[in-house]
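Here's a quick walk through one protein model, written for someone who likes to see the cut-offs next to the values. Have a look at the structure first, and then we'll go region by region.

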Amino acid sequence: MHRSSTCNFMYGDLTDKKTIEKIRQTFDNYESNFYEVLLYTKNRTPIWLYMQVAPIRNENNKVVLFLCTFRDITLFKQPIEDEATKGWTKLARLTRALTNNRNVVQQLAPLSKTEVSQRPSRLAEALQLGSDILPQYKQEAPKTPPHIILHYCTFKTTWDWIILILTFYTAIMVPYNVSFKTKQNNLAWLVVDSIVDVVFLIDIVLNFHTTFVGPAGEVISDAKLIRMNYLKTWFVIDLLSCLPYDIINAFEHVDEGLSSLFSSLKVIRLLRLGRVARKLDHYLEYGAAVLVLLVCVFGLVAHWLACIWYSIGDYEVIDETTNTIKTDSWLYQLALSIGTPYRYNASGTGQWEGGPNKDTLYISSLYFTMTSLTTIGFGNIAPATDGEKIFSVAMMMVGCKYLLPFLH
């Protein structure tokens, strides 16, 4: 690659050997530089060329090719005498050449040292969440209106990481709150969830002022096009994700059915994970990142299945029509094994009470889903009812089909 890139087939008697050696060293050292070199055309006509060399690197910081730009500067090095300029002095011919080639003069402004050597660091590359960021050799940022934010700038990258963390937080807490019917009466958790809602709301405002990459690879900075694109894609999902379900659900006078509805609507927030998947797409080229992502995905899937597993047991453990408890349910068996059995309060509330606390229930559910997904299954927690068995079969099929091949 180096031998053909140095254009040795265009060398001639007057080509400077020192310049040739410098060009070769530039390729060998993977550097950016520029030179003025005398080369020869196919018919052996000498021409002066302004040569710029820029290495192009991939995501692994390896040079995959060189971008070489050549501009003809023969007029600046040796003005040519023709019939129109015959008899003119050398200075007059040079002045005429510069006047006729003013656009060439503007193009020949050499790159500054910072522009030549500036390249994003490995940390900056790793923190870029957008898979559609500009390539590294794109040196000049597009001009945008003052109220428009570039989607790959430092602020937007930091903000995307905040949204990513909060999205994973909601992906964990929303299924748990819905399944275990936790009403957010805890002030600390209510404040945290309210902050998350506010951040998601701010994210909607920022998305109306953030550039995006068009179908042809160009950066779209027109405010009207940005708004139309966002309204057609993620606006509805983002809007439903930032509604304050927890604050409404926290009021004591809210009807139980309405409270369940608000809790169920919170599941819409999980659709934001689709945006996270797109942003993490370019990490699949890094081995360590792939391992971490697989572990996180496995844990998240096990968490979701644990919430579903508990919901099935909680729904089936008590028969509301006959107001009796099903002794074959896994929740009833767990309550007996740990010494916290269910009991019917006939003199008080007239309802079933007791049973394991929520922490024990969640840990037991997660333990069962982990052992089922990995096809270990010790049998100390086992499905008994038809609903539990059907869900267990589906869960083991998911583990065998999708998760185990990745773990091996």
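Which residues make a nonpolar surface patch of about 290 Å²? They are Val 236, Leu 239, Leu 240 and Leu 243. Patches take residues with over 30% relative accessible area and no salt bridge, joining like charges within 9 Å and nonpolar side chains (Val, Leu, Ile, Met, Phe, Trp, Tyr) within 5 Å. Val 236 has its place in helix H11, residues 235-241.

Before going on, some ground rules: this is a predicted model, where local features need pLDDT of at least 70 and side-chain atom pairs count only at pLDDT 80 or more, while totals for chains, interfaces and linings use all residues. Residues are numbered from 1 along each chain as its sequence is written, and side-chain values use heavy atoms, with hydrogens and water left out.

**The overall picture**

The protein's secondary structure comes to 18 helices and nine strands. Those are DSSP runs numbered from the N terminus: helices are H or I with at least four residues, strands are E with at least two. Out of 408 residues, 37% count as buried, where buried means under 20% relative accessible area, exposed means over 50%, and partly exposed is in between (1.4 Å probe, protein chains only). The exposed area is about 24,300 Å², with carbon and sulfur atoms supplying 62% of it; these areas come from the Shrake-Rupley method with a 1.4 Å probe, and for residues only the protein chains shown count as cover. Among contacts (heavy atoms within 4.5 Å) with a separation of 6 or more, residues 24 or more positions apart account for 59%.

**Two salt bridges**

The structure holds two salt bridges, each being a side-chain nitrogen of Lys or Arg within 4 Å of a carboxyl oxygen of Asp or Glu. Side chains of opposite charge can pair when their charged atoms come close.

| Pair | Closest N and O atoms |
|---|---|
| Arg 24 and Glu 21 | 3.4 Å |
| Asp 160 and Lys 156 | 2.8 Å |

Arg 24 and Glu 21 are three residues apart in helix H2 (residues 17-28), so about one helical turn separates them. Arg 24 is partly exposed because its relative accessibility is 33%, and Glu 21 is partly exposed with a relative accessible area of 36%. Asp 160 and Lys 156 sit four residues apart in helix H8 (residues 154-179), about one turn of the helix. Are Asp 160 and Lys 156 buried or exposed? Both are buried.

**Loops worth a click**

Just past H2, in the loop leading to strand S1 (33-40), you'll find Tyr 30. Its phi is near 55°, a positive value in a residue other than glycine. Tyr 30 is partly exposed, at 39% relative accessibility.

Phe 208 is in the loop between helix H9 (187-207) and strand S4 (212-213). With 16% relative accessibility, Phe 208 counts as buried. What does Phe 208 touch, not counting residues up to four places away in sequence? The list is Ile 226, Arg 227, Tyr 230, Leu 231 and Phe 235. The C-alpha atoms of Phe 208 and Lys 224 are 9.1 Å apart, with their positions 16 residues apart along the chain.

Asp 222 lies in the loop between strand S5 (219-220) and helix H10 (223-232). Asp 222 is partly exposed, at a relative accessible area of 39%. Its side chain reaches the backbone nitrogen of Leu 225 at 3.1 Å. That is a polar contact: a pair of N or O atoms within 3.5 Å where, within protein, one must be able to donate a hydrogen and the other to accept it, and residues adjacent in sequence count only if both atoms are side-chain atoms. Asp 222 and Ile 148 are 74 residues apart along the chain, yet their C-alpha atoms are separated by 8.4 Å.

**H17 and H18**

How does the span of helix H17 (residues 358-373) check out? Its 16 residues at 1.5 Å a residue should span 22 Å, and the end C-alpha atoms are 22 Å apart, so the two agree; the expected span is 1.5 Å times one less than the number of residues. At the start of H17, a side-chain oxygen of Asn 357 comes to within 3.3 Å of the backbone nitrogen of Asp 359. Buried residues of H17 include Leu 361, Tyr 362, Phe 368 and Leu 373. After H17 comes Thr 375, with a positive phi near 55°.

Ser 392 belongs to helix H18 (residues 386-407). Ser 392 counts as buried because its relative accessibility is 4%. Leaving aside residues up to four places away in sequence, Ser 392 touches Trp 309, Phe 368 and Pro 383. Phe 368 is also one of the buried residues of H17.
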